[in-house]
Amino acid sequence: MKKIKNQLKRRSFIKVAGLGLATTALTGFPNILKAANKPIKVGVTTILSGRVAILGQTVLSGLKVAVNEINDAGGIDGRKIEVVSRDSKAKPDEAARLTRELVNNEGCDVLLNCEASGATFAVNEVARDIKKFCIHCISETSSLTADPKNRVPWVFRAARQGIHDAVGGGIFASEVAKNNNLKKFATCAPDYAYGRANTAEFMEYLKLFSPGIDITTQTWPKIFQPDYTENITALLNAKPDALYTCLWGGDLVAFIDQASLYGLFDQFQSFAVNLGDLPILTAIKKIPKDVYGGARYHKDIPDTQENENWYKKYMAGSDVLPTNWSWEADTGMRFLIDALKKTGGDTDPMKLAKATAGNTIKSPFGVDGTMTIRGEDHTLVNYVIAYGKTITKDPYLANIKQSEWKDIYTHEKDWKKRNKYI
Amino acid sequence: MFDIDALMNCFGMASCAVNQLTSGLIIGMLLFLVASGLTLIFGVLNVINFAHGTFYMIGAYFAFSAYLLTESYLLSAFVGALGAGIFGIFFERVLISKVYNQDILMQLLVCYAFILITDDLVKLIWGTDYIAMGIPDEFRLAPFRIFGGYVPPLYAFLILLSLVIGIAIIFLISKTRFGSIVRAAAENAPMVSALGIRVPLYFALLFGLGCALAGVAGALAAPVRSLTPGMGFGILIESFIVTVIGGMGSIPGALVAAIILGLTRSIGSVGFPLFVDGLMFLIMALVLIFKPTGLFVKGSSK
């Protein structure tokens with residue numbers, strides 16, 4: 001009898017427990033708990049399909065590093081950070097629509113925009129319109145934050161900026177040019193806004209620092225062009241002393257493989273600003289020696305324990321090597337988290353903006369272990385800008401030389417004045 | 001915009017002329033392989049295969065995996081062609097054959113769906129990273145020097161191989177029993193099937209052959225072109241231009257048109273770098289105005 005009673009008890013217990021578990025699984029935690037620990041939803045639109053799907057994939061893995069850290073540490077006053085991501089397919093109108101949807105339907109409190117430049121400008125205006133705090137993590141177009149017309153009081157950028165790279169790269173290349181007596185430069189860049197602006201900015205600063213330099217040939221392949229043969233032979237015909245290219249991603253991989261067939265890298269010096277990203281360096285089967293590559297993200301640049309640790313954490317949650325986009329997304333998230341800590345989890349755009357403008361955080365990607373979002377123009381500074389020289393074995397990039405930020409600040413100011421931004 | 005001096009200079013120098021002419025040929029010949037498949041399918045089945053670029057991608061990815069296993073470039077090119085061919089037959093039987101007689105918009109939609117699904121499958125299987133197969137060791141040689149110009153051995157080989165494949169296809173269609181049957185079926189399918197020939201089987205095989213041509217191009221180019229999901233799109237547009245210029249359904253037309261495009265790009269990169277694409281489309285527009293059927297097709301268009 002006793003036994004049967006016990007059995008009954010156990011059965012009903014199992015029933016009740018099962019029911020309870022099912023309810024919890026369906027509805028999440030009970031509502032009372034939910035109110036106090038409601039997660040802070042961060043809306044992210046990025047590119048998850050098509051030819052640059054690697055952008056979105058490595059963005060999300062980068063975000064995960066920062067999010068896991070804060071959530072494992074208990075969140076912000078007990079509230080977890082939750083990323084809600086959407087695929088814009090690199091289309092500006094889609095990015096704008098999805099951004100509104102993330103706020104209106106998904107209830108996102110803040111935005112991290114992880115789009116290329118075209119879509120970023122669209123999202124910038126949406127954030128202005130719906131008045132949500134937003135950090136742009138990918139777009140490098142200088143005017144996004146430099147031009148006061150584009151600036152929004154509650155929107156910031158945590159990414160590289162074209163003008164910073166141009167000054168840093170220009171100074172570096174002009175020193176190489178002086179030492180090796182390089183006078184005639186050729187350029188090869190993708191034929192769209194980024195390729196043209198980047199090439200123009202780089203050459204402008206190179207000429208400024210080494211006045212004797214001439215551009216003798218410029219060739220403009222289409223973006224995502226499968227074949228660069230005609231561009232490569234045009235470069236060979238021109239016989240320049242050096243080449244500058246801002247091709248990126250799979251296009252750069254294809255260009256280097258095809259140019260190697262022609263022995264192009266044996267014939268003149270080459271500078272490739274977007275070469276120093278790990279998936280690119282590892283995709284090229286036989287990387288040519290002594291090509292100057294800009295560092296995008298590299299586990300050894302800066303060569304610190306913090307960077308090494310970050311790399312390990314990233315790789316624990318990703319099957320693709322980190323890109324430049326990964327550290328930028330991670331950085332955007334860290335600035336957001338820091339601001340949320342200061343407001344106690346309040347997502348009011350003006351309060352978050354106040355906490356972000358001029359804020360400095362610790363970061364493995366900063367030149368002295370810190371990075372700042374400048375108050376005056378809402379953009380990231382003090383991140384590592386560096387060039388190295390390729391070697392044929394891992395880590396593929398050596399002789400790293402970092403740019404000095406004091407030089408960059410001076411020239412950036414002149415540039416802003418010239419463009420009547422200040 | 002037009003740099004006539006640079007152009008004259010280039011053709012005054014043997015090295016530059018050799019460089020640009022051979023680079024025009026290599027671009028043209030690989031394009032020809034893709035476009036010949038497209039034009040073949042159109043010529044017989046009267047279907048515009050908007051998903052043709054996808055088979056180029058499938059060929060490249062299959063070849064990449066085969067190369068990892070076998071380390072043989074030629075074998076992996078064969079696997080790429082075979083993989084694309086089998087996928088093509090599957091696509092024809094399961095999807096495209098259902099919309100043969102439907103509105104062209106319906107065909108376009110089916111193809112577009114197939115493109116999106118395949119791109120995502122590639123992403124799931126091979127990932128989103130940039131993949132490069134790398135140049136096979138046997139072709140990792142210093143370029144040939146001809147009159148001071150550079151010709152990489154791999155490219156010389158590819159030009160010859162594409163030409164051989166092209167001639168073989170023309171032979172297959174014009175001289176063999178298979179060719180006679182598909183040509184007859186293209187003219188009058190009910191009549192051919194009345195003779196006891198399984199027309200759908202031949203149509204599927206032909207569709208597969210067309211896709212295999214795109215696949216072999218992707219596979220052969222895999223060592224030098226980076227592999228990414230969605231890589232078939234760019235080549236599709238150029239293939240359409242080739243087909244329009246050469247004439248829908250004409251393989252010799254595709255060959256000539258592909259070489260014209262290749263040379264336009266290679267000469268253009270010296271003489272008018274900012275108007276290369278413009279000129280390609282201009283040629284296409286002129287052909288459409290003055291000979292709407294294309295250079296190599298007689299009479300009125302279908």
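**Exercise 1. Find the residue that stands opposite A:Gly294 in β14(A), and place this pair in its sheet.**

*Solution.* A:Gly294 stands opposite A:Tyr387 in β14(A); as everywhere below, the coordinates belong to a predicted model. The next step is to look at the two strands concerned: β10 (residues 292-297) and β14 (residues 386-390) of chain A run antiparallel and are joined by three bridges. Widening the view, one finds an open sheet of seven strands in chain A, with mixed pairing and the order β7-β6-β8-β9-β10-β14-β15. At its edges stand β7 and β15 (397-402) of chain A, and because each has a single partner strand, one side of each is left without a neighbour in the sheet. With direction ignored, neighbouring strands of this sheet are turned against each other by 30 degrees on average.

**Exercise 2. Determine which strands helix α7 (residues 162-180) of chain A lies across, and describe how α7(A) packs against α16(A).**

*Solution.* Begin with the sheet: α7(A) lies across β8 (242-245), β9 (269-277), β10, β14 and β15 of chain A, and runs at about 145 degrees to β9(A). Another helix, α9(A), also packs on the sheet, where it touches β6 (184-188), β7 and β8 of chain A, and the direction of α9(A) makes about 155 degrees with that of β7(A).

Turn next to the helix pair. The axes of α7(A) and helix α16 (residues 405-418) of chain A are 9 Å apart, and the two helices pack at an angle of about 120 degrees. Angles of 65 to 115 degrees would count as roughly perpendicular, and α7(A) and α16(A) are therefore oblique to each other. The crossing in which α7(A) passes α16(A) is right-handed.

Last, list the residues that meet: α7(A) contributes A:Ile163, A:His164, A:Val167, A:Gly168 and A:Ile171, while α16(A) contributes A:Asp407, A:Ile408, A:His411, A:Glu412 and A:Trp415. Sorted by class, the residues of this contact are five nonpolar, three polar and two charged.

**Exercise 3. Carry out a similar analysis for α6(B) and α11(B), including the handedness of the crossing.**

*Solution.* Helix α6 (residues 153-175) and helix α11 (residues 251-271) of chain B have axes 10 Å apart and pack at an angle of about 160 degrees. Since angles over 145 degrees count as roughly antiparallel, α6(B) is roughly antiparallel to α11(B). Their crossing is left-handed. On the α6(B) side the residues are B:Gly166, B:Ile169, B:Ile170 and B:Ile173, and they meet B:Ile251, B:Pro252 and B:Leu255 in α11(B). By class, this contact has six nonpolar residues, one polar residue and no charged ones.

**Exercise 4. Work out the strand order of the open sheet of three strands in chain A, and name the helix that lies across β11, β12 and β13.**

*Solution.* The order is β11-β12-β13 (chain A), and the pairing is antiparallel. The edge positions belong to β11 (360-362) and β13 (380-381) of chain A; each has a single partner strand, so one side of each is left without a neighbour in the sheet. Between strand β12 (residues 370-373) of chain A and β13(A), which run antiparallel, there are two bridges, and in one of the pairs A:Thr372 has A:Val381 in β13(A) as its bridge partner. The helix sought is α14 (residues 324-343) of chain A, which lies across β11, β12 and β13 of chain A and runs at about 115 degrees to β11(A).

**Exercise 5. Decide whether A:Ala197 is buried or exposed, and set the result against chain A as a whole.**

*Solution.* First locate the residue: A:Ala197 lies in helix α8 (residues 193-209) of chain A. The criterion for a buried residue is 20 or more other C-beta atoms within 10 Å, and A:Ala197, with 20 such atoms, is therefore buried. In chain A, which has 422 residues, buried residues make up 52%.

**Exercise 6. Describe the side of chain A that touches chain B, by count, by element and by class.**

*Solution.* Counting comes first: 36 residues of chain A are in contact with 38 residues of chain B. Next, assign elements: α3 (53-72), β7 (214-219), α9 (229-238), α10 (249-261) and α12 (278-283) of chain A each supply at least two residues of this side. Finally, by class, the side of chain A that touches chain B has 16 nonpolar, 13 polar and seven charged residues.

Note on methods: Residues are numbered from 1 along each chain as its sequence is written. Chains are lettered from A and ligands numbered from 1 in the order in which they are written. This is a predicted model: local features need pLDDT of at least 70, side-chain atom pairs count only at pLDDT 80 or more; totals for chains, interfaces and linings use all residues. Two residues are in contact if their C-beta atoms, placed from the backbone, lie within 7 Å. Helices (H or I, at least four residues) and strands (E, at least two) are DSSP runs, numbered from the N terminus. Ala, Val, Leu, Ile, Met, Phe, Trp, Tyr, Cys and Pro count as nonpolar, Asp, Glu, Lys and Arg as charged, and the others, Gly among them, as polar. Axes are lines fitted to C-alpha atoms, for helices over the stretch in contact, and angles run from 0 to 180 degrees between N-to-C directions. Angles under 35 degrees count as roughly parallel, over 145 as roughly antiparallel, 65 to 115 as roughly perpendicular and the rest as oblique. A crossing is left-handed if the near helix is turned anticlockwise from the far one by less than a right angle, and right-handed if clockwise. Two strands pair if DSSP finds at least two bridges between them. A residue is buried if 20 or more other C-beta atoms lie within 10 Å of its own, exposed if 12 or fewer, and partly exposed in between; C-beta atoms are placed from the backbone.
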